[in-house]
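This report looks at how two chains meet. Start with a pair of helices, then widen the view to the whole contact.

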Amino acid sequence: MSHVWVWLEQFQGKIPSIVWETMGVARRLADALGTGVTAVWIGGTIADQAGEAIAMGADVVQVIEHPALADFRFEPYLTVLSHLVKEGAPQVILIGSTARGRELAGGLAAELGTAALVDALEVSVEDGRVIAIRPIYEGKLFARTYVERSPAIVTIRGRAFPKPDPDPGRKGEIRRVSIELDPLAFPTEVLEWIQETEGEISLNEARIVVGGGRGVGGPEGFEPLRELARALGAALGATRAVVDAGWIPYKYQVGQTGKTISPDLYIACGISGAIQHLSGLRGVKVIVAINKDPEAPIFKVARYGVVDDLFKIVPALTAELRRRGLAKG
Amino acid sequence: MHIVVPIKQTPDTTATLTVDASGRISWGDAPLIVNPWDEFAIEESLRLKEKFGGRVTVITMGPESAKEALKQAVAMGCDEAILLHDPAFEGSDAVVTAVILAAAIRKLGAVDLVFMGKESVDGNSAQVPPALARRLGWPLLAYVGKIREIDPAGRTIVVERILEEGRQVVRAPLPAVLSAMQMNEPRYPSFMGIRKAARMSIPVWTAADLGLALEQVGASASAARWPVVFAPPKQEVRCEFIQGESPEEIARLLVDRLLAEKVL
């Protein structure tokens, strides 16, 4: 049995990029520990993704299918995963640091009497022990952490590690595991799903994000930003101030009480740069700030700054991308 | 309805943090606040109390000085407050914190709902809500963006959970453990509330009061270790201001830079 495990999170049969980034980390840890990678697929229907997991680096894929597992629910997923872990006794369990992933990590840690290291930005093996560097205090400080017991549970920050290239020639074993589950033991019911990202690039996975603050002036002020985002194939983001003002829904909010993002490029339009917003920009490679106020704090963290009216600069930027054939949409 | 809100006292999020050679974290003279995520849970619990009746008990694990955070919650409208304090609690990780909170919640007797922030702004781990739900054996409804309905007679709750791709609408039986996203505008303390909080004597529960053995709590019971805390390497960002005769020229120069940075 392999001793590094990865939970294959899926949503409506699709596996998000963060899971494969996590798989890349798992492969590296397994090689360092001289062991293999076991991926765990939990779901309601036939898992075509098992083969994909092998191509991405898994040696064994454990597949657990049950009608009670169709939608993600904390209780049955945790029951299945902890059952498998107690049987298989992995040394390390890696999970993508998503909402579901962090729930499962915490439940699993409590269930197994161990601990989870959340949002790892760096993971290494030293003297046979897994060490994770994770941000604390909204990324103002880092902690070097490890788990004293086994298994060590580590959740991996999205976009902090590269996604491995699939190798269709890789060989692995797909192992179907049957588990007795009493559906009545799990009284939570999923009633409905409200899709909010259809046709949009998700803030968590985006390579480029265009963000808007008070400077956009009102709900309609986001229109040129949307145009630019479309041209860049970027996601749209916003500050808390404009979400509170009702100009744009909460799902776009970036910052302390919103989403934390790590794109390659963040284009901040009419954003002053309050610390609560900046704390959501962890690991952004390049920040471009467009703001009329040359004293705006955003320029202190920006690589490039334009002190001008965003309603002139943003459309000009969209037009320039189109003119050069760089526009995606 | 009896709602319990576990909160945490944290440094103000605008504080500048430093770490000394021994690894001690300091926030200078910046104030300590109620973890902003917990304020959403307090506000939502107060609204439930206003709608359905009942009471809200706020609890925290921390030093004597964490009573200030409890008083803030009472000033907002919470009915009772309890401090969980024992030198033996020091160094507890998320799982062990959940053990301590669970013991306190059980000691409180009949509880319908535990409602807390989705994470703390210092630990940033979001591990206490799931660990606490597991410890209590109650359903977990994490990342709640909206409470759709509560049926106190039928003892069920329906919430919208905010996940990466959208909102999952879930029904669960009560009692349950909820964690809050930014789901409301937390109220300010009222004048009457501040007076009540100032006069209130807050009970302190120790490990013995909770029926916990010393080996069940604190650093020795915790599996997580964080021996080194450090300030991340300072990224020297020098802002290059792009100037031009026209928006078109600025756009052209900016696109040149971004292509060179390989971020387009």
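## Helix against helix

α4(A) and α4(B) lie oblique to each other, because an angle that is neither under 35 degrees, nor over 145, nor 65 to 115 counts as oblique. The model is predicted. In it, the two helices pack at an angle of about 45 degrees. Their axes are 7 Å apart. Helix α4 of chain A covers residues 99-112, and helix α4 of chain B covers residues 128-136. The crossing of α4(A) past α4(B) is right-handed.

Which residues meet here? From α4(A) come A:Glu103, A:Gly106, A:Gly107, A:Ala109, A:Ala110 and A:Glu111. Facing them in α4(B) are B:Pro129, B:Pro130, B:Ala131, B:Arg134 and B:Arg135. This contact of α4(A) with α4(B) divides into five nonpolar, two polar and four charged residues.

## Strand beside strand

The chains also pair through strands. Strand β8 of chain A (residues 141-147) runs antiparallel to strand β14 of chain B (residues 224-230). Five bridges join β8(A) to β14(B). A:Phe142 has B:Phe230, in β14(B), opposite.

## The whole contact

How many residues does each chain bring? Chain A brings 76 residues to the contact, and chain B brings 68. On the side of chain B that touches chain A, helix α7 (residues 247-260) of chain B gives the most, with nine residues. That side of chain B is made up of 44 nonpolar, 10 polar and 14 charged residues.

Terms used. Residues numbered from 1 in each chain as written. Chains lettered and ligands numbered in written order. Predicted model: local features only at pLDDT ≥ 70, side-chain atom pairs only at ≥ 80, totals over all residues. Contact = placed C-beta atoms within 7 Å. Helix = DSSP H or I, 4+ residues; strand = E, 2+ residues; numbered from the N terminus. Nonpolar A, V, L, I, M, F, W, Y, C, P; charged D, E, K, R; others polar. Pairing = 2+ DSSP bridges. Axes fitted to C-alpha atoms, helices over the stretch in contact; angles between N-to-C directions. Left-handed = near helix turned anticlockwise from the far one by under 90°.
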